[in-house]
Amino acid sequence: YGGENTTFVMNDGLIELTGDNYAVTLAKPGAKATINDGTIRAMYSNAAGTSGGNAIGAFKDTELTINGGTIEAYGNAIMGNGSDSGSSEGTNAKFTINGGNIISTVGTAIYAPQVQGVTTITGGTLTGKTGVEIRAGKLIISGGTINADTDNYSVTPNSSGLTTFGSAISVAQHTTKQPIEVIITGGTFNGYIPFSETNPQNNSDEDIDKITLDISGGVFNASSRSEE
């Protein structure tokens, strides 16, 4: 757990969780973590392999940088918090992905609901049922490979978690109704649908107008095309 204004650097080794929480948590403002190599894992918490944890969780005013290594989780590999008040506030958490393998079994490689959060992806391989779901804040992608489920696609309202399955990039405004900005200039996106924007919470047109999309590059591969 990252205390206030602390810095954690991982260059090798293994951090493994066998419960249903986080393997690593950036819990306090000013906490920073840089992963250069090694493995952070939060897989199964029961013998049947039907439940497990999240690899890295980040809260208010924290920063996570992934340069290499493996981040692997049964749930979400990397996740922020959508609350914008109280002890669980996730405002302004920043994720920077320059490399590495980020893998989720049943969730997302990155779940980003944090108000005023910034997720920047320049490289690496991200794989999940959905690759990245942004629900508030900014998402900037210039490289890397992002993979989602290629067999199915669905969107379900959820006030406290993932809404979309089968999309490499999912834009799905949270119940917090905050602005979202997406800028994509490069990268490879594979999924049943490689990019989706939906309104699972049935937010108003005024709220949805806070979403801006700027896509000027990238390779988008949809497995759903094979059914057309």
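In this predicted model, T145 sits opposite T188, a residue of strand β22. The two strands involved here, β17 (residues 145-147) and β22, run parallel and are joined by three bridges. Strands of a sheet pair through backbone hydrogen bonds, either parallel or antiparallel.

Zooming out, β17 and β22 turn up side by side in an open sheet of eight strands, with parallel pairing and the order β2-β5-β8-β11-β14-β17-β22-β25. The edges go to β2 (14-17) and β25; each has a single partner strand, so one side of each is left without a neighbour in the sheet. On average, neighbouring strands of this sheet are turned by 5° against each other, direction ignored.

As for ring contacts, the structure holds two aromatic pairs. Take Y22 and F59: the ring centres are 6.3 Å apart and the planes stand at 90°, which is over the 60° cut-off, so this pair counts as edge-to-face. Y22 belongs to strand β3 (residues 22-26), while F59 lies in the loop between β6 (54-58) and β7 (63-66); with their positions 37 residues apart, the pair links distant parts of the chain. Both Y22 and F59 are buried.

The other pair brings the story back to the sheet. The rings of F189 and F220 have centres 4.6 Å apart and planes at 15°, so they are stacked. F189 comes from strand β22 (residues 188-191) and F220 from strand β25 (residues 219-222), 31 residues apart, and again the pair links distant parts of the chain. As for burial, F189 has 0% relative accessibility and therefore counts as buried, whereas F220, at 21%, counts as partly exposed.

Note on methods: Residues are numbered from 1 along each chain as its sequence is written. This is a predicted model: local features need pLDDT of at least 70, side-chain atom pairs count only at pLDDT 80 or more; totals for chains, interfaces and linings use all residues. Side-chain values use heavy atoms; hydrogens and water are left out. Rings of Phe, Tyr and Trp (its six-membered ring) pair if their centres lie within 6.5 Å; planes under 30 degrees apart count as stacked, over 60 as edge-to-face and the rest as tilted. Helices (H or I, at least four residues) and strands (E, at least two) are DSSP runs, numbered from the N terminus. Buried means under 20% relative accessible area, exposed over 50%, partly exposed in between (1.4 Å probe, protein chains only). Two strands pair if DSSP finds at least two bridges between them. Axes are lines fitted to C-alpha atoms, for helices over the stretch in contact, and angles run from 0 to 180 degrees between N-to-C directions.
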